[in-house]
Amino acid sequence: MNFLYFDNNASTRVLPQVMQAMQPWFCEQYGNPSSSHPLGQFSKQALLSARKAVAGFLNAKPNELVFTSGATESNHMAILGALATDPTRKKIVTSVVEHSSTLLLLDHLAMQGIEVVRVPVDGNGTLDLACLEQAVTADTALVTLMHANNETGVVFPIKQAAAIAHSQGALFHTDAAQTAGKITLDVCQLDCDLLSFSGHKLHAPKGVGVLFARRGAGIPALIHGHQERHQRGGTENLPGIVGLGVACRLAEQYLVGGTDRTASLRDRLERELLQRIPFARINGAGPRVSNTTSLCFSGCSGEELLHSLGQAGVMASQGSACTADGTEPSHVLQAMGLSRHDALASIRFSLSRETNEAEIEVLLQSTIAITRRMISLPVAA
Ligand code: PMP
């Protein structure tokens, strides 16, 4: 099938170099890294070298990483772990626009008596730092905030938020699923205690991710077993971890200049869509990751637009793939003040480092033609 892929915030293509690096660890070098025989020891070495690569990518120490199944698990480990570190602190502070993997866990914890405070955002999707400062108190166990929003790409001021958390003795966690491979991540510079991301958002496979847990953060295991220094039991997903290590190295190369290329493609897309579609506008402003645009085509049905784009071979999405059934408006866009109608008229295009001018051209032509037809405007105005 010939298609154009603009849903890279949902998942990315595994890069050929990543696939090639993973290959031997399925059928040839399939030893368990915990086995003492040579095949097991080869696997252990591969695990060590991937751990070093990912640690370098985050400016962390190798023994501060726990390999997980992805950001959902890492977020759970960070949140539940932070609560377990100090039983006198029973409050978690977060934002209203977090990913469902955080929000649904927090809903569950709230039912069990944990106080959860959700800090609002403004019309641009920017975090209300004054409100965050008020919300964080001496009984706060953790402040957990996404680094960039998966729907709008808006980047939160993580360093300032971490300082607010630390001023009250709380731990600070960031969900970096949408910034890994798009912004240089430096856990020292960000001053976070905990950081999560998933491999499949940066061209590694699905089912592998990381939790960075600063030494001394004291996060206990969720899954017990001897692996990962007793922090996460279960035989390691070695091919996935090897792939993640290579993907992090490739992302480091892309981050030197590559994000500017992506931003200029995204900016051209936005500029021309706004010029040709008078009822279109961008959701979110201020610092944004380079690959994401969320657009509201007022008066159109986002669901129908996606369907028509899909028929034209263009893959996009209405927002989070994890909640996307098209009938419920996005909680992110509504938190930014969009009406239910405008939220349902919005769609997200997310580019990758592989996106090129020719693909942007086709996307422009299809979107302009479909939306203008939907709203009964002549296609070629
Ligand atoms: N957090 C954010 C911001 C995300 O975008 C996603 C993936 N949509 C996740 C967490 C969860 O990642 P995974 O499904 O790989 O566990």
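A residue is taken here as near a molecule if one of its heavy atoms lies within 4 Å of it. With that in mind, and remembering that what we are looking at is a predicted model, let me begin with the ligand. There are 15 residues around the ligand, and those that come nearest are Thr72, Asp175, Ser198, His200 and Lys201.

Three polar side-chain approaches deserve a closer look. His200, which is one of the nearest residues, places a polar side-chain atom 2.7 Å from an oxygen atom of the ligand, and Gln178 likewise has a polar side-chain atom 2.8 Å from a ligand oxygen. For His99 the partner is a nitrogen atom of the ligand, and the distance from a polar side-chain atom of His99 is 3.2 Å.

Let me turn now to the domains. The assignment divides the protein chain into domain 1, made up of residues 4-12 together with 258-374, and domain 2, which covers 16-254; the C-alpha centres of domain 1 and domain 2 are 27 Å apart. How many residues of each domain are in contact with the other? There are 32 from domain 1 and 32 from domain 2.

Between them, domain 1 and domain 2 bury about 2,700 Å², with 52% of that area on carbon and sulfur atoms. On the side of domain 1, Thr12, Val289 and Arg353 supply 25% of the area buried against domain 2, more than any other three residues.

As for polar interactions across this interface, the rule finds zero salt bridges between domain 1 and domain 2, whereas it does find 17 residue pairs in polar contact, both residues being at pLDDT 80 or more. Among the elements of domain 1 that touch domain 2, α11 (258-276), β10 (292-297) and α13 (331-335) each supply at least two residues. The residues on that side of domain 1 comprise nine nonpolar, 18 polar and five charged ones.

Finally, the salt bridges of the model, whose count by this rule comes to 13. One pairs the side chains of Glu73 and Arg232, at 2.7 Å from N to O. This pair links distant parts of the chain, 159 residues apart, with Glu73 in helix α4 (residues 71-85) and Arg232 in the loop between α9 (227-230) and α10 (238-255).

Methods
Residues are numbered from 1 along each chain as its sequence is written. This is a predicted model: local features need pLDDT of at least 70, side-chain atom pairs count only at pLDDT 80 or more; totals for chains, interfaces and linings use all residues. Side-chain values use heavy atoms; hydrogens and water are left out. Domain bounds come from an automatic or database domain assignment. Contact means heavy atoms within 4.5 Å. Buried area is the accessible area (1.4 Å probe) that two parts lose on being put together, summed over both. A salt bridge is a side-chain nitrogen of Lys or Arg within 4 Å of a carboxyl oxygen of Asp or Glu. A polar contact is a pair of N or O atoms within 3.5 Å; within protein, one must be able to donate a hydrogen and the other to accept it, and residues adjacent in sequence count only if both atoms are side-chain atoms. Helices (H or I, at least four residues) and strands (E, at least two) are DSSP runs, numbered from the N terminus. Ala, Val, Leu, Ile, Met, Phe, Trp, Tyr, Cys and Pro count as nonpolar, Asp, Glu, Lys and Arg as charged, and the others, Gly among them, as polar.
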